[in-house]
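Biologist: I have a structure open on my screen and would like to learn how to read it. Could you walk me through it, feature by feature?

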Amino acid sequence: MSQNITQARYTEGKPNLRRFHQARWDEPILFELSREGQRGILLPEVEAGIVDRVGDVLAAIPQSVRRQQPPRLPELSQPQVLRHYLRLSQETLGADLNVDVGQGTCTMKFNPKVNDQLARMPEMAELHPLQDDETVQGILEILYRFEQILKEISGMDQFTFQPGAGSQAIYANAAIIRAYHAGRGEADRRDEIITTIFSHPSDAACPKTAGFKVITLYPDEDGYPDLEALKAAVSERTAGLMITNPEDTGIFNPRIAEFVRIVHQAGGLCSYDQANANGILGITRAADAGFDLCHFNLHKTFSTPHGCGGPAVGATGVTRELARFLPVPVLEFDGLQYRWNYDRPESIGKIRQFHGVAPAVLKAYAWVMSLGAEGLRQVAEVAVLNNNYLLKRILEIRGVSAPYARGRRRIEQVRYSWEELAGETGVTTDDIGARAADYGVHYWTSHHPFIVPEPMTLEPTESYSKAELDEYAAILRHVAEEAYSNPEIVKTAPHNCPVHRMDQHALDDPQQWAITWRAYQRKVQQAAH
């Protein structure tokens, strides 16, 4: 970059706002692009040797596995498919396109592309989960080695990679807690799970799905889960505690070991939601606080891509006492060979098909091995440094605050509030987020309900430089200044993006939902009649 261009991008050492306008394509979905007879690939004829051996190839296929009708798939050529997805990608913001600080608690960090290449190698991509153990010793060794790494990081005694994401891991932990109490003849009595309002909502939703009643603790004036409220909540009905720490405010609970002790005294188990572990790697461990179960999101902390919500892995760890309840199968190594063990009579059963998303575990393993133990701790230290630097810059902006723990540092994220700006200008946090998209960035507000008024949750991770954080803060400062000087331009944003304001009402109306093409067609036909 030439010196003149560099100087033009900066004024008095501060980054200017980059010009941004997103591509807009009036792009139909694949089913609408489909034309009968178009093909992206021509399948070869059945080999003559097979025909000679079995005669009628179709007759050799058992009737039970034959389709009664051809699959209803779109018919397109390869160039059409390529153009379709490239056009959609141009209408999308993401970690590989922009400073993606704004994903809040989703820990959007850089995913090294060399790890994607590993997962695409034929030796990996052509494996099948139904192969005999003897034929897949390589990937089983990777799974086993990565389990040993997570055991060291967490202090737990055994892991499973079967759960598909954080919520499924939390459900698995709730099921293990239920199985533990059932084994002691206490399942009917111990029917309550305690969580906190700033833990991930899945820490309430998943145990509820598993049949538990949920008690939610609210913070004290400093933003910490209220210890006295916990003491009042525990009883002979307590099955367990499911809690995130640091919580989604970015505040680490320094009394977490006391929380665990109180629940243990009442006869409950404690499950650590470590989806926010990016700032504590190599610094604190679940076992050190006395937890019985925990989980990590590999697509967050361990740098495997989110993949639009999947493929993901909720790596679930337990103490030795609870290992007998893990989903089947569990991976074992006898010193010579790795194998899946299905003979687990006390297991909670299957949480999902097969063994989890092996390519995601491979990527996470490669990421950890490239860093080593010291590198993992540096990840946490830089993430905390970035977060607290951004906190300082954001709090210099008019109209924004960081409720709770005032003047104190946060771990890896902060839940801010635009309440003051909204009261003075009428511009909401949704408005500001939409206007920020006009400059090529965005942010996430928070889980519902909005406990923090007009929330904005930022998590920079270790992936961004000081200059990029300055750029992000400069964009938010500019939008806040617009809210005071020209609120209408913010309220009507975005102006430079393919989609402007969405009608949110449809999201709350099941009659308008259509999650498949066939469901959409049925609803269109019903509306036409």
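Modeller: We will go through salt bridges, cysteines, the nonpolar core and cavities in turn. This is a predicted model, in which local features need pLDDT of at least 70, side-chain atom pairs count only at pLDDT 80 or more, and totals for chains, interfaces and linings use all residues. Residues are numbered from 1 along each chain as its sequence is written, and side-chain values use heavy atoms, with hydrogens and water left out.

Biologist: Let me start with charges. How many salt bridges are there?

Modeller: The general idea is that side chains of opposite charge can pair when their charged atoms come close. The rule asks for a side-chain nitrogen of Lys or Arg within 4 Å of a carboxyl oxygen of Asp or Glu. By that rule the count comes to 27 salt bridges.

Biologist: Where in the chain do Lys113 and Asp96 lie?

Modeller: Those two side chains meet in a salt bridge, at 2.9 Å from N to O. The pair links distant parts of the chain: Lys113 is in helix H5 (residues 113-120), while Asp96 is in the loop between helix H4 (78-90) and H5, 17 residues apart. The helix and strand labels come from DSSP runs, numbered from the N terminus: helices are H or I with at least four residues, and strands are E with at least two.

Biologist: Is there a pair within one helix that I could look at?

Modeller: Try Lys231 and Glu228, which both lie in helix H10 (residues 227-233), three residues apart, about one turn of the helix. They form a salt bridge whose closest N and O atoms are 3.5 Å apart.

Biologist: Is Glu228 buried or exposed?

Modeller: Here we use relative accessible area: buried means under 20%, exposed over 50%, and partly exposed in between, with a 1.4 Å probe and protein chains only. Glu228 is exposed because its relative accessible area is 52%. Lys231, at 41%, is partly exposed. Back in the earlier pair, Asp96 is exposed at 54%, and Lys113 is partly exposed at 33%.

Biologist: What about Arg435 and Glu482, buried or exposed?

Modeller: Arg435 is buried, and so is Glu482. Their side chains meet in a salt bridge of 2.8 Å, N to O. That pair links distant parts of the chain, with Arg435 in helix H14 (residues 429-436) and Glu482 in helix H15 (residues 466-485), 47 residues apart. Salt bridges can also join into a network, as they do for Lys392, Arg393, Glu396, Lys466, Asp470 and Arg477.

Biologist: Now the cysteines. How many disulfides does a search of the whole structure find?

Modeller: A disulfide is a pair of cysteine sulfur atoms within 2.5 Å. The search finds zero of them. Take Cys206: the nearest cysteine sulfur belongs to Cys106 and is 15 Å away. Cys206 is buried, with a relative accessible area of 9%, and Cys497 is also buried, at 10%.

Biologist: Which residues touch the most other members of the largest nonpolar core?

Modeller: In soluble globular proteins, nonpolar side chains tend to be buried together. A nonpolar core is a set of buried Ala, Val, Leu, Ile, Met, Phe, Trp, Tyr and Cys residues joined through side-chain atoms within 4.5 Å. The largest one has 56 residues, and Phe146, Leu150, Leu230, Phe291 and Phe302 touch the most other members. Helix H12 (358-394) is among the elements that each supply at least two residues of this core, and its share, 10 residues, is the largest.

Biologist: Last, the empty spaces. Which elements supply at least two residues each to the lining of the largest cavity?

Modeller: On a 1 Å grid over the protein atoms alone, a cavity is a set of points where a 1.4 Å probe fits but cannot get out, and lining residues have an atom within 4 Å of a point. Points are joined across faces, edges and corners, and the volume is the space filled by probe spheres set on them. The structure holds two cavities of 30 Å³ or more. The largest has a volume of about 140 Å³, and helix H7 (137-154), strand S3 (158-160) and strand S10 (330-333) each supply at least two lining residues. Its lining includes Leu143, Trp340 and Phe354. Phe354 lies in the loop between S11 and H12. The second largest cavity holds about 40 Å³ of space, and Ile153 and Phe296 are among its lining residues.

Key. 1 Å grid on protein atoms, 1.4 Å probe; cavity = no way out; pocket = protein on both sides within 12 Å on 5 of 7 lines; lining within 4 Å.
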